[in-house]
Every structure is written in structure tokens, then in C-alpha cells.
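Subject: Structure handover

Hello,

Here is the structure for you to look over. My notes follow below it.

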Amino acid sequence: MNIWVDADACPTVIKEILYRAAERKQVPLILVANQALRVPPSKFIRSVRVESGFDVADNEIAERCEAGDLVITADIPLAADVIKKGGQALSPRGELYTTENIGGRLNMRDFMDTMRSSGEHTGGPPPLHARDKMAFANQLDRILTQLTR
């Protein structure tokens with residue numbers, strides 16, 4: 001089992017939680033980004049740099065992840081690809097994407113894209129709050145406990 005991180009958009013505080021979890025559970029953590037990343041020295045943590053471009057990091061993760069892997073991403077299409085492959089996808093806000101909720105999330109994403117392309121200002125995601133950090137840490141702990149038994 002590997003943990004893959006869509007690292008370009010992942011908040012630093014979430015990466016720090018992941019670094020500690022990878023060490024504690026001794027699970028490989030791979031951060032994928034289109035820029036060089038500084039990661040702590042560890043035999044469990046590494047980064048992969050990909051070319052710049054739209055969805056390049058997402059495509060790399062989708063191609064390399066396997067059934068049983070966990071992917072940390074806010075990207076709904078990537079989460080859908082991971083679920084199709086038998087992996088799990090978790091947002092940096094602690095939302096676990098599942099076969100039951102990913103269809104609705106994809107539909108909402110497509111609707112919001114349509115709104116933005118028609119000139120509607122939809123705003124971005126709200127700032128990450130302490131409750132989001134806690135939700136992420138709790139959900140990550142539940143997943144890792146199940147997967148590493």
C-alpha cells in the first residue's frame with residue numbers, strides 16, 4: 001500500500017500530518033508535483049517531479065496508483081479514477097470519496113465548471129480551518145488503521 005499525494009494543491013499543514021503518519025505507520029508516501037518539493041529525510045517519504053501542465057500530476061498518480069492505495073487529492077476526476085482502480089481517495093478536508101458519493105461530486109464539479117465558463121464568479125474553496133485539519137487527521141488515521149492491519 002502506498003499513499004499518493006496530489007502535492008501541488010495540498011496545504012502544508014496536511015503534508016505535515018502525512019509525513020508523521022508515514023513514519024508512524026511505516027507506509028510509503030509519494031508526493032507528486034510539477035515543482036521541486038522539500039520533504040523530510042525518510043525511507044518512507046519521497047517526491048516525484050512531473051512536467052508542468054494541466055493535470056500532469058493527476059495523470060501520473062492515476063497511472064501509478066494501484067488497488068489498495070490511498071490518494072490525497074481535492075481533484076474530483078482524479079478521485080473517481082482512483083476509486084475505479086480499487087483505491088481510496090481522501091480530500092485534504094477529510095472527505096472520503098466513495099463509490100456512493102463520487103458521482104454526485106463529479107456532477108457538481110461539472111455544473112460549477114459550466115457556471116464559471118459562462119462568466120459566473122463562483123469563488124474558490126473556503127480557507128482550511130482547524131476543524132478541516134482535524135477531520136483529515138481523524139479520517140487518515142481510520143483508513144491507515146484499517147489498511148495496515
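Which residues of the largest nonpolar core touch the most other members? This is a predicted model, so read what follows with that in mind. The residues are Ile3, Val5, Leu18, Leu29 and Leu140, out of 24 in that core. E1, H1, E2, E4 and H5 each give two or more residues to this core. H1 gives the largest share, six residues.

Take Leu140 from that group. Leaving out residues up to four places away in sequence, Leu140 touches Ile17, Leu18, Ala21, Leu70 and Leu90. A separate core also exists, with 19 residues. Trp4, Ile61, Ile76 and Ile83 are among them.

Next, helix H1.

H1 covers residues 12-25, which is 14 residues. At 1.5 Å a residue, the expected span is 20 Å, counting one less than the number of residues. The end C-alpha atoms are 20 Å apart, so the model agrees with the expected value. Buried residues in H1 are Ile14, Lys15, Ile17, Leu18, Tyr19, Ala21 and Ala22. Note that Lys15 is on that list. What do the buried residues of H1 pack against? Their partners are four strands, E1 (3-6), E2 (29-33), E3 (45-49) and E4 (70-72), plus helix H5 (130-147).

Now the sheet.

It is an open sheet of six strands with mixed pairing. The order is E3-E2-E1-E4-E5-E6. E3 and E6 (96-97) are the edge strands, and each pairs on one side only. E1 and E4 run parallel, joined by three bridges. Within that pair, Val5 has Ile72 of E4 as its bridge partner. Val5 is also one of the core residues that touch the most other members. H5 lies across E1, E4, E5 (88-90) and E6. Relative to E5, H5 runs at about 160°.

Two backbone points to check.

Gln26 has a positive phi of about 55°, although it is not a glycine. Gln26 comes just after H1, in the loop between H1 and E2. Is Gln26 buried or exposed? Its relative accessible area is 55%, and the cut-off for exposed is over 50%, so Gln26 counts as exposed.

Asp55 is the other point. Its phi is positive too, at about 65°, and Asp55 is not a glycine. Asp55 sits in the loop between E3 and helix H2 (56-64). Its relative accessibility is 28%. That value falls between 20% and 50%, so Asp55 is partly exposed.

Last, the cysteines.

How many disulfides does the structure hold? The count is zero. Cys10 is in no disulfide, and the nearest cysteine sulfur, that of Cys65, is 16 Å away. A disulfide would need the two sulfur atoms within 2.5 Å, so this pair does not qualify. Cys10 has 6% relative accessibility, which is under 20%, so Cys10 is buried. Cys65 is in no disulfide either, and its nearest cysteine sulfur is that of Cys10. At a relative accessible area of 2%, Cys65 is buried as well.

Best wishes

Notes
Residues numbered from 1 in each chain as written. Predicted model: local features only at pLDDT ≥ 70, side-chain atom pairs only at ≥ 80, totals over all residues. Heavy atoms only, no water. Buried < 20%, exposed > 50% of the residue type's maximum accessible area, 1.4 Å probe, protein only. Contact = heavy atoms within 4.5 Å. Core = buried A, V, L, I, M, F, W, Y, C linked by side-chain atoms within 4.5 Å. Pairing = 2+ DSSP bridges. Axes fitted to C-alpha atoms, helices over the stretch in contact; angles between N-to-C directions.
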